[in-house]
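Biologist: I have a two-chain model open and would like to talk through how the chains meet. Could you start with the term we need for that?

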Amino acid sequence: MATSLSRNFGGVQAVRSADLKVPVGERRALIGPNGAGKTTLFNIITGELAPDAGKIEIFGIDITKKTVQERAKLGLGRTYQISQLFLNLTVEENLFLAAAADQGMEFHFLSSWRVRSKLIQWAHRSAEQVNLTPYLSQRVSELSHGLQRQLEVGMAIAMRPRLIMLDEPAAGLSPSERLILAGLIKGLSREVTLILIEHDMEMVLGIADWITVLQRGSVIAEGVPSEIRTNQKVQDVYLGTIYA
Amino acid sequence: MILWKDRRQLVLEAIAGGLLILLPFYAGEYTVTTFVRIIYFGFLALSVGMLIGQAGMISLTQTAFFGLAGYVIGLLGAERDMPFPWRDLVAIGAVLVMALTFGLIAMRTHKIVFLMITLAFGQICWAFAQQNTSLLHGWAGIRGIRPPTIGGINFNQTSNFYWASLLIFALGIFVLWLLAKSPFGLALNGIRENPRRMAALGYPVYWIRVVAFLIAAVYAGVGGILATYNTGIITPTTIHLSRTIWVLLMVILGGATYFWGPVVGTAIAVWLDVLISQGTVRYNTVIGVIFVMIVLFLPEGVLSIADSLGEGGSLSPLRRLLDRKIADKR
């Protein structure tokens, strides 16, 4: 999927020819200590940063040169580390805007958006998947941080992507909220491929099928959670610093 | 945003509508003329209010569109005898062309820069109108503009003109209401709340804003046409900055985030103007003090009274917008 990607910031090599191959339907986690290049790699894949070298493909299509919007049309969805929601709109309106994003609805002037039953249905189904059905008519600004994080995932689902990139979905959540969110991410359809950056090791070990460990821009280990947990190299560079 | 919630409200609105339609039968000519003023300034306020409330854009160019439509009517109608409805259509066309030109530039900017650039556009138009003597006659403007006679109905007559204006106003409000409920309206709200996320979702944020600017400009233009017919004169004073500020105040007075806010604000401001100027020559001072009081005690507009009676409200989008603006400046 991503081959020998590199990206420099000034003199710093943030990502050094990293390779990442994620099979369809997999839940992949990217982990590594701060400054390992996770976010840079993530942003290269979502299109917010251009790589200095290397190639990115999703579902067999070369997207290296494509814009964020073009990638979204090809089925790449993402969530944001800091929630990017429409705070003064309702949950339903937020989800509708995500569901209608590629439908060319924005220049329909005189009919109500509420009559778009197919899109409303998509929006409601995504609300159901992230446990937000009871909050559909509530303003997002009135929701707790935990529910807002759930909506952030729901927004990505509403766009019906084939690949969702989750950028620290549990950022700022309490332990109990983390459990809810982890359960909900685990429950997502296997038709969707997930790539996840997350600091919470318990969450990563619980969700991921396969873990890629980055250090100083390079992949230093890959494997199933149980392997990564016992990998000496990984424990030295990452887990050791936390669980020492 | 809701036109009617229940039967009682429907009845109240029907009575209000009836009273408005029958106004010329029970009120004096001066009252009817004042209502005509409320209608054409109402169009201008809707133009400003729609951009603020729906799209989060504070534009100071809208009065220029109001004036442009008036000038075209004056130039083509009064000076070159172009008949109705052609001069009116040309006026709206001119407004669209100017709005597109300004919009393509202004929509590249946001927030405080947008405010400044629309201020500059407005000032350019005012300066041009005042300094151009060959075509626009400088500060003297164009006089002797009269409304047409259509199908034997003479719209020079105050009551006829009032009914026509009222009909156009009702139509304008209805269309705006449809717009607010449409996918386009929701997309505008999304842009107001978070333009970056809208862009990331794949929405053409720039073009949605341009189209909103065009629609708002047409509302200002229609108001300008009605105003020019009513007063029979168009001068640079019409598009002076103080007028722009006054309209902005009307919108804030009524409540920019409320659908009816601009209309209510206009009605109050115009009547205040009329009533207070009868009592004192220092009416501007009195009106200024009233505005300050309202902004202090009802920062979300007069209509927020109705809201706060119903529920414990939260910060309105406009309030947050202004707060953010202040934060930007720091």
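Modeller: Contact here means heavy atoms within 4.5 Å, and please keep in mind that this is a predicted model.

Biologist: Fine, so how many residues of chain A are in contact with chain B?

Modeller: On the side of chain A there are 30 residues in contact, and they meet 30 residues of chain B. The two chains bury about 2600 Å² between them, with 63% of it on carbon and sulfur atoms. Within chain A, the residues that lose the most area to chain B are Phe86(A), Glu106(A) and Phe109(A), which together make up 22% of what that side buries.

Biologist: And how many salt bridges go across?

Modeller: The rule finds 1 salt bridge across the interface of chain A and chain B; Glu152(A) pairs with Arg197(B) in a salt bridge whose closest N and O atoms are 3.0 Å apart. There are also 11 residue pairs in polar contact across that interface.

Biologist: Which elements of chain A give two or more residues to that side?

Modeller: They are helix H2 (68–73), helix H3 (91–99) and helix H5 (145–158) of chain A, and the largest share, 4 residues, comes from H3(A). By class, that side of chain A has 18 nonpolar, 6 polar and 6 charged residues.

Biologist: Changing topic, how much space lies in the second largest pocket?

Modeller: About 600 Å³. It is lined by 25 residues, and Arg37(B), Phe41(B), Arg243(B), Trp246(B) and Asp273(B) are the closest to its centre.

Biologist: What does the lining look like by class?

Modeller: The lining of the second largest pocket has 12 nonpolar, 10 polar and 3 charged residues.

How values were computed. Residues numbered from 1 in each chain as written. Chains lettered and ligands numbered in written order. Predicted model: local features only at pLDDT ≥ 70, side-chain atom pairs only at ≥ 80, totals over all residues. Heavy atoms only, no water. 1 Å grid on protein atoms, 1.4 Å probe; cavity = no way out; pocket = protein on both sides within 12 Å on 5 of 7 lines; lining within 4 Å. Points joined across faces, edges and corners; volume = space filled by probe spheres on them. Nonpolar A, V, L, I, M, F, W, Y, C, P; charged D, E, K, R; others polar. Buried area = accessible area lost by both parts, 1.4 Å probe. Salt bridge = Lys/Arg side-chain N within 4 Å of Asp/Glu carboxyl O. Polar contact = N/O pair within 3.5 Å; in protein donor to acceptor, adjacent residues only side chain to side chain.
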